[in-house]
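Colleague: I'd like to learn how to read a model like this one. Can we go through it together, starting with how the chains meet?

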There are 2 protein chains.
Amino acid sequence: MQFAQPVSNGRKPAPIVYIRMNTNNFSTVPHLTTALSGPLQQLESHFLKHQPHIEAWFRNEWLRSPAPVYASVDLRNAGFKLAPVDTNLFPAGFNNLNPAFIPLCIQALQSAIEHNCPTAVRVLLVAESHTRNTFYLESVVTLRDLLSKAGFEVRIGTLLEQDGAMEVKTSSGKPLLLEPLTRTGDRVGITDFDPCLILLNNDLSSGRPAVLENIEQRIAPPLNSGWSNRLKSEHFKHYRQVAKEFAELVEIDPWLIDPLFRNCGEINFMKREGEECLVRNTDILLRTIRQKYQQYDIDKKPFVVVKADAGTYGMAVMTAHDADEVRELNRKQRTRMSAGKGGQDVSKVIIQEGVYTFETWGEEEAVAEPVVYMIDHFVVGGFYRVHTGRGPNENLNAPGMHFEPLAFAEPLNNPDTSQEPDANPNRFYAYGVIARLALLAAAREIITP
Amino acid sequence: MQFAQPVSNGRKPAPIVYIRMNTNNFSTVPHLTTALSGPLQQLESHFLKHQPHIEAWFRNEWLRSPAPVYASVDLRNAGFKLAPVDTNLFPAGFNNLNPAFIPLCIQALQSAIEHNCPTAVRVLLVAESHTRNTFYLESVVTLRDLLSKAGFEVRIGTLLEQDGAMEVKTSSGKPLLLEPLTRTGDRVGITDFDPCLILLNNDLSSGRPAVLENIEQRIAPPLNSGWSNRLKSEHFKHYRQVAKEFAELVEIDPWLIDPLFRNCGEINFMKREGEECLVRNTDILLRTIRQKYQQYDIDKKPFVVVKADAGTYGMAVMTAHDADEVRELNRKQRTRMSAGKGGQDVSKVIIQEGVYTFETWGEEEAVAEPVVYMIDHFVVGGFYRVHTGRGPNENLNAPGMHFEPLAFAEPLNNPDTSQEPDANPNRFYAYGVIARLALLAAAREIITP
């Protein structure tokens, strides 16, 4: 347990081991460009050593808190720390996954729907309403095809109020039929299609739609997992507990996998209400992070990320390295922080420890952030958001931001103990472990909101 | 429903469609060298068209008869007929699967063991006793590594009576430790290893081992699925029923997927007892096959395969195109038919419709026979037994026989309706459907033996 010291004993961690950089695999996997990867390598060693217990622990947890039907988790890999920063229960981006892992997705979807509705033949996929985002539509078509290959009849419903079906085109030019929902008594469907299962791919930022309330059919994930009911701070409160339990199991400091956070009560950026609370908490959080950096000899400037607590789509997000930056917001910044997805007012924020991303890709050393996809409790793939124009302390998922998706070349469930702990299969396994911890936090959150 | 005529209506099936031979994919997939592939192509079309109902039907059946933990099924593809000829509940040959599908195997093993023993950490794999078959040992090591990657601690037990552990080498030179079983009260294990689950990879041809009787832990597959309890004729009786139900679902003649069979009472080849019954049934069976061949305009000579009813390893197997061939066995042939695996006496035989294999591979047109692997109810891969020295009506799994394994290049759960029904993904999907029908027959057989 070299680096696995509890905070309280005050000892310095083991000296940091510099990892060899492999310039041969630029094409498949970003590499860590930090000298601070020592603790991470040890994290990976711990995971490998404890793998049977990690997996048994997860199996046991899924019995108590069944995994949501699907999810994607944004990770940040600082070399010295590997942590989730966002958990999406209505994942898009299925089109960014490696086609080699389609069979894995199909098999996991079969498991997932077996758990939710064993006799299902027909699945109604309820999509987001932003019909002009052709990349999103590409993801919907990919998901539809996966469901179809898994042996279901699938049609795609929209919450948009429209008279008839609407044909739209995906970014690759594929046609997609969006059909309005119909309600007959306690059942929801679309014309001539009475589904067994409603698969939500709409995050309900605009509220819980009446047409889906009190229906007979199963909705997965459930309505209360939409952003109209969720708060990021609730999720990360569950995550903190999950990380604590897991850290005990594998004997590490939970901070290595858990982003610290604080939150305030109501905030109104335009009226500058709640500002003092935000400044104070930002300051406390930055000081706490600084202590951890000192403990681990990390020569980096701590930063925090302030985000809408019920937010998504990377809207209403800012970073700060100093509490003053939060105090001195100009009008434009305050306006930007006030409006979330779909124009929803932002009245609550979460102040989260910023986690550097030290993975870079290609000769330009573009910043890369892993996104991990899960179906049921299985890790089925993922991709890197690769962005040349951003720094290691910036949010890579922001509106209008263009990233290059780089599909994971390897699966995340195939660790190889005969290789080094930081070899690709083992790094991917570690990603899968951390992503599943976030998934477990979401599972507990949905059960006990 | 062109060719899907019930036997009774007497109409000729649709004219046979000649399929285009693709000489470009020699390296990955054998091709059908028969002009008789018309009905099969239509079979594949039916499967594609009915896919959601096929999958829903399977899901429902697995709820009633849970799938065995794993199995492999030998198929024969005659172009006009695609049928299972043997179902192995203790599969070897995991080393012949495509490494690209390791993630699929890992995920399916996780599902399988979750169903059998959700809290399992330790799995005891009980191997066959033939320690000199280094290819078999290679399969055991592959299976062990899959279990280990799936997150279990695995050790390998042997039923051989020996004092301590025995290190053996696989065909590729990997070391493998075989450890004797220990019994403590109602628990079985090996020294310092108390498993949660006993995974049987020994077909119990030599009988049910006392050490495994009445133990507290779960054994998968259960003891009664060993060859000391099973009869092929019982399996194919269940399969006949499964094929009948499935054929109704997809509206085909069940004969297209079901090998006819008959059996007799006790037989003693050496004493020539029961010979008349064997001759009579062979004759009846050959006549029935001939009628079906006439119905479908198949210009081939019918044949039957006579095998030990409780047999395995391709021992005690013979083919006959005429009842006289069964009558006029010489002493050597009778001796060969008398002894099954491990020297067990053969006293019961099954007379099964021979299914031609018209898949060939390479320029030499070597005969190829698909073997499909399943873990839980998931189809995880397979390979072709490729044999240059055998004919399309011969058994490709016989003792001392050397076949070249050719791993399936594509998964079996990824059909593609945008391609022709006989395109590779769709042919593989059809293989997976037929193999799962045999798996379902085995599931029913284990529940109601």
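Modeller: Sure. First a working rule: two residues are in contact if their C-beta atoms, placed from the backbone, lie within 7 Å. Keep in mind, too, that this is a predicted model.

Colleague: With that rule, how many residues does the contact take from chain A and from chain B?

Modeller: Chain A gives 30 residues and chain B gives 30 residues. On the chain A side, helix 2 (51–64) and helix 3 are the elements that give two or more residues. Helix 2 of chain A has the largest share, with nine residues. Sorted by class, that side of chain A has 16 nonpolar, nine polar and five charged residues.

Colleague: How do I read the way the two chains are related?

Modeller: The general idea is that two copies of a chain are related by a rotation about an axis and a shift along it. Here, a turn of 180° and a shift of 0.0 Å along the axis lay chain A on chain B, with an RMSD of 0.0 Å. That is why we can speak of a two-fold axis. Both copies use the same surface, since 100% of the contact residues of chain A recur in chain B.

Colleague: Which residue of chain A comes closest to the rotation axis?

Modeller: Leu104(A) does, with its C-alpha at 2.8 Å.

Colleague: Now inside one chain. Which domains does the assignment give for chain A?

Modeller: Domain bounds come from an automatic or database assignment. For chain A, domain 1 is 7–11 + 28–91 + 233–447, and domain 2 is 99–225. Their C-alpha centres lie 28 Å apart. Where they touch, 17 residues of domain 1 are in contact with 21 residues of domain 2. Strand 18 (residues 378–387) supplies the largest share of the domain 1 side, three residues. That side divides into eleven nonpolar, four polar and two charged residues.

Colleague: Let's try a single residue. Is Phe101(A) buried or exposed?

Modeller: The idea is to count neighbours: 20 or more other C-beta atoms within 10 Å make a residue buried. Phe101(A) has 23, so Phe101(A) is buried.

Colleague: Where is Phe101(A) found, and which residues does Phe101(A) touch?

Modeller: Phe101(A) sits in the loop between strand 3 (82–88) and helix 3 (102–116) of chain A. Leaving out residues up to four places away in sequence, Phe101(A) touches Val380(A), Gly381(A) and Pro411(A). By contrast, 32 Å separates the C-alpha atoms of Phe101(A) and Lys237(A), which are 136 residues apart along the chain.

Technical notes: Residues are numbered from 1 along each chain as its sequence is written. Chains are lettered from A and ligands numbered from 1 in the order in which they are written. This is a predicted model: local features need pLDDT of at least 70, side-chain atom pairs count only at pLDDT 80 or more; totals for chains, interfaces and linings use all residues. Helices (H or I, at least four residues) and strands (E, at least two) are DSSP runs, numbered from the N terminus. A residue is buried if 20 or more other C-beta atoms lie within 10 Å of its own, exposed if 12 or fewer, and partly exposed in between; C-beta atoms are placed from the backbone. Ala, Val, Leu, Ile, Met, Phe, Trp, Tyr, Cys and Pro count as nonpolar, Asp, Glu, Lys and Arg as charged, and the others, Gly among them, as polar. Copies are superposed by least squares on the C-alpha atoms of residues with pLDDT of at least 70 in both.
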